[in-house]
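Visitor: I would like to learn how to read burial, salt bridges, pockets and cavities in a model like this one. Could you take me through them?

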Amino acid sequence: MQKLGVIDLGSNTTRLIVMAYEPGRCFRLTDEVSETVRLAEGIGPSRMLQPAPIRRAVEALRMFYSLCISTGVDHVIAVGTSAIREAANQTDFWSALCAATPLDLRIISAEDEAYFGYLGAINALPIQHGALFDTGGGSTQVMAVSDRQLTRSFSVQAGVVRFTEQFVQSDPISRADLRRLRAAARDAFAPLDWLPDLSNGRLGGIGGTVRQLARIDQKQRTYPLERVHGYQLTREAVERITEELARRSRRERLQIPGVKEERADVTLAGAVIIAALMDRGNFPYLLVSGQGVREGIFYQHFLADQPQPLLSEPRQFSVLNLARLTYYEPEHCARVAHLSLSLFDQLAPLHGCGAWERELLGYAAILHDIGISVGYYDHHKHGEYLIHNATLLGFSHREIVIIASLVRNHRKGWGDLTAYSPILATDDETRIARLSAMLRLAEYLERSKSQIVRDVRVQIGDEIVIDVIADGDAHVEIWEASRRSGLLKRSFGREVQIRAT
């Protein structure tokens, strides 16, 4: 695999990701480092970068570059955004950087910053139409999306460090300062007269502040997943968190579960900025993106042979990506998927599910054995863990829980769903049971991993009769499937007979 390092020098935080990848086929994150440098600190109306922030930023860049070289990264791309882009004394920064490291840093325009943020998020979130935004330390970029295409972008100097320095003059913040902060955020997005037209679509949020707000909300809700990417953060939650932050001093905010020390002083301004943007576009909630500018730059390289660096089917790709990274057996998994879906289609009069459930069942069939990459024993449990912790793109948290549960149940036993009740619908336990039963039966009809069982023919009466169509001796498969048919019997409430044709 090739290794690419991407460094993003922002106005508040500098971050590095290292991606190992085979172009167009698969990738994985192998390292990630971040450092709060506050490059925009004290920049003021003069637009002068201050000596201390320059030193912090240069030292972080030097360390990141050294890490890349020492760990065998093949290529490093480094970009700088708002703070350097707007600085009147860029030469001071360049002199310090060149004296410390040979790193080649490129200052990207506001348009490029918006484009890379769009690429990172649109490849990762289930958004066809709507808007994306990226709130950083110095600025916010807003992007309009139609049919997954970027149609326009807007940049404004409304960032968490900039607004904190300008408007938060008291601790806890005074009501007067809070009114000025909110007014400035409203004014920042006033020119976006096109944003309300996108409110019938979805809003995606990029950046450390939106992830911080999501973590706080998850802690307050006792949310069962650690995953932030794809989390649905409501406008009401943003307002509730804003009010709580406003009531507390910086020291007191550290007592709020989910608050990171390095963001305790700037999260309030970020929450106000995000709330104003949601109000401007009439968006009741946003989807949190765990990917942004750095990942967008990566996708440009990973998909360099494509007309556009867009994954045509992010969900399907990310399932295959995870399967490839865990050394799955393509022929076996494809046959399990075929048999599962054949059972699904023929049992439709009983289960009443549709295309959505069928899609999830197919993905679970591809991933059902990935836990073997950890160990054979309890590999169904290992697979569940891997799915919960993998980079799955374009899936809701509910969908991830369902797929992980199907993988958990494909072999034996039953995974307890109680902890996931805040995420699942009331009828999901029945849905998961029936889909798991079909996946389990398909797995045992492919027990020898030799694709002997070509298909099944289902007859529905007082009992479910499954005729096995085989290209050889399938006695072992029929015996195993019959032994493992209990979940199918219980979930459909009928006896099951499996027989050779």
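Visitor: Does Arg-235 count as buried or exposed?
Guide: Buried means under 20% relative accessible area, exposed over 50%, and partly exposed in between, with a 1.4 Å probe and protein chains only. At 15% relative accessibility, Arg-235 counts as buried. Keep in mind that this is a predicted model, where local features need pLDDT of at least 70 and side-chain atom pairs count only at pLDDT 80 or more, while totals for chains, interfaces and linings use all residues. Residues are numbered from 1 along each chain as its sequence is written, and side-chain values use heavy atoms, with hydrogens and water left out.

Visitor: Which side chain meets that of Arg-235 in a salt bridge?
Guide: A salt bridge is a side-chain nitrogen of Lys or Arg within 4 Å of a carboxyl oxygen of Asp or Glu. Arg-235 pairs with Glu-239, at 3.3 Å from N to O. Both lie in helix H8 (residues 235–247), four residues apart, about one turn of the helix; helices here are DSSP runs of H or I with at least four residues, strands are runs of E with at least two, and both are numbered from the N terminus. Glu-239 is partly exposed, at 23%. The two also belong to a network of salt bridges that links Arg-175, Arg-182, Arg-235, Glu-239, Glu-243 and Asp-279.

Visitor: How many salt bridges does the rule give?
Guide: The count comes to 28. One of them joins Lys-449 and Asp-369, at 4.0 Å from N to O. Lys-449 lies in the loop between helix H18 (428–445) and strand S12 (453–460) and Asp-369 in the loop between H15 and H16, so the pair ties together parts that are 80 residues apart in sequence. Lys-449 is partly exposed at 33%, whereas Asp-369 is buried at 10%.

Visitor: And which residues form the salt bridge at 2.8 Å?
Guide: Those are Asp-428 and Arg-398. Asp-428 lies in helix H18 and Arg-398 in helix H17, so this pair ties together parts that are 30 residues apart in sequence. Asp-428 is buried, with a relative accessible area of 0%, and Arg-398 is partly exposed at 26%.

Visitor: Let us turn to open and closed spaces. How much space lies in the largest pocket?
Guide: On a 1 Å grid over the protein atoms alone, a pocket is an open set of points with protein on both sides within 12 Å along at least five of seven lines, a cavity is a set where a 1.4 Å probe fits but cannot get out, and lining residues have an atom within 4 Å of a point. The largest pocket holds about 1300 Å³, a volume being the space filled by probe spheres set on points joined across faces, edges and corners. Its lining has 43 residues, with Leu-29, Glu-32, Gly-290, Asn-389 and Thr-391 nearest the centre. S3 supplies the largest share, seven residues.

Visitor: How many cavities of 30 Å³ or more does a search of the whole structure find?
Guide: One, with about 300 Å³ of space. The cavity is lined by 27 residues, and Asp-8, Arg-15, Asp-134, Thr-135 and Gly-136 lie nearest its centre. Strand S2, strand S6 (130–135), H7 and H11 each give two or more residues to this lining, and H7 has the largest share, three residues.
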